[in-house]
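Please open the model in your viewer and keep the selection tool at hand. The tour below goes from one selection to the next and says what is to be found at each stop.

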Amino acid sequence: MNLTHLFGIHAAQAALEYSPQKIRRAWVDSQRQDSRMKPLLDELAALGVGLEKTERKKLDKLADGKNHQGIVVAVELPAMHSEDRLKSDVEALTEPAFYLILDQVQDPHNLGACLRTADAVGAHGVIVTKDNAAGITPTVCKVASGAAETVPVYQVTNLARTLRWLKEQNIWIMGAAGEAEQTVYDMKLDMALALVMGAEGSGMRHLTRQHCDFLVKIPMLGQVESLNVSVAAGVLMYEIFRQKHLV
């Protein structure tokens, strides 16, 4: 069993809301007896989760010195889904598809942040490459703050093949590239769509770029050349969200 420690009130609440069946154990500060903690303890007890009241020093160790707010829970890591599962899930959709594709993004913090935003905008899933890419890890789960449980992550061995199949399902492929002629705000994006983000530093691979239907960029006025991949993905996903739901 692959377990990870989630810490803090928000993370514990998210685990109880989205994946209570995967909580295996919990530790709480024996000195904390307040109104925010009591409902969590009651829910954990109702689930039959092993609950240990302990000193703050042990919680600090379990949370690697991070701010745990008096609670740490051990949960089973979410599963990665296969290419076959992706195909069945796409075919089962009853609304226009909305996927985020990460082409060899390796930083688990970026994957976790992308999952958190993908959950917020209602994306149907995140597609990652099997090689040279981050998968579901304890760090990803912590950064995602519950979104690793709510947003499916599909791992594919051949991204070009997956992109071709998505296009056969009438899903448009939009790539993010700084040299694109059009900004994301110039495009109509309320159709079935998959957004492709390239790796940190190197961007999309050449073959991935070739399979995109069109490229967009984020307008920038400052001196930096590009945004962090998870920040850029957030900007682009929210423009898609705006056009799909708010326009």
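The stops that follow cover the nonpolar interior, the cysteines, the salt bridges and a patch on the surface. Please keep in mind throughout that this is a predicted model.

**The nonpolar interior**

Begin by selecting Ile 71, Leu 100, Leu 102, Leu 115, Val 126 and Met 197, which, of the 57 residues in the largest nonpolar core, touch the most other members. If you then colour helix H10, you will be looking at the element that supplies the largest share of this core, namely six residues. As general background, nonpolar side chains in soluble globular proteins tend to be buried together.

Next, centre the view on Leu 102 and display its surroundings. Which residues is Leu 102 in contact with, once its neighbours within four places in sequence are left aside? The contacts are Leu 111, Cys 114, Val 126, Ile 127, Val 128, Thr 129 and Met 197. Before leaving the interior, select Leu 163, Trp 165, Ala 192 and Ala 194, which are included in a second, separate core of 20 residues.

**The cysteines**

Now show the cysteine side chains; the structure holds zero disulfides. Cys 114, which you have just seen among the contacts of Leu 102, is in no disulfide, and the nearest cysteine sulfur, that of Cys 141, lies 15 Å away. Cys 114 is buried, with a relative accessible area of 0%. Moving on to Cys 212, you will find that it is likewise in no disulfide, the nearest cysteine sulfur being that of Cys 114 at 16 Å. Is Cys 212 buried or exposed? With a relative accessible area of 11%, Cys 212 is buried.

**The salt bridges**

The count of salt bridges comes to 14, and three of these pairs are worth selecting in turn. In general terms, side chains of opposite charge can pair when their charged atoms come close.

Select Arg 205 and Asp 103, whose closest N and O atoms are 2.7 Å apart in a salt bridge. Arg 205 lies in the loop between strand E9 (193-197) and helix H9 (206-210), whereas Asp 103 lies in the loop between strand E5 (98-102) and helix H5 (108-121), so the pair ties together parts that are 102 residues apart in sequence. Arg 205 counts as partly exposed at 34% relative accessibility, while Asp 103 is buried, with a relative accessible area of 1%.

Turn then to Glu 149 and Lys 22, which form a salt bridge with their closest N and O atoms 3.8 Å apart. This pair links distant parts of the chain, with Glu 149 in helix H7 (residues 147-150) and Lys 22 in the loop between helix H1 (9-18) and strand E2 (23-29), 127 residues apart. Glu 149 is partly exposed at 25% relative accessible area, whereas Lys 22, at 19%, counts as buried.

The third pair is Glu 52 and Lys 58, whose side chains meet in a salt bridge at 3.0 Å, N to O. Glu 52 counts as partly exposed at 23% relative accessibility, and Lys 58 is partly exposed at 32%. Add Arg 25 to the selection, and you will have the network into which salt bridges with shared partners join Arg 25, Glu 52 and Lys 58.

**A patch on the surface**

Finally, switch to a surface view and select Met 220, Val 224, Leu 227 and Val 231, which form a nonpolar patch with about 310 Å² of accessible area together. Met 220 sits in the loop between strand E10 (214-216) and helix H10 (229-246), and is partly exposed, with a relative accessible area of 33%.

Terms used: Residues are numbered from 1 along each chain as its sequence is written. This is a predicted model: local features need pLDDT of at least 70, side-chain atom pairs count only at pLDDT 80 or more; totals for chains, interfaces and linings use all residues. Side-chain values use heavy atoms; hydrogens and water are left out. A disulfide is a pair of cysteine sulfur atoms within 2.5 Å. Buried means under 20% relative accessible area, exposed over 50%, partly exposed in between (1.4 Å probe, protein chains only). Patches are made of residues with over 30% relative accessible area and no salt bridge: like charges are joined within 9 Å, nonpolar side chains (Val, Leu, Ile, Met, Phe, Trp, Tyr) within 5 Å. Accessible areas come from the Shrake-Rupley method with a 1.4 Å probe; for residues, only the protein chains shown count as cover. A salt bridge is a side-chain nitrogen of Lys or Arg within 4 Å of a carboxyl oxygen of Asp or Glu. Helices (H or I, at least four residues) and strands (E, at least two) are DSSP runs, numbered from the N terminus. A nonpolar core is a set of buried Ala, Val, Leu, Ile, Met, Phe, Trp, Tyr and Cys residues joined through side-chain atoms within 4.5 Å. Contact means heavy atoms within 4.5 Å.
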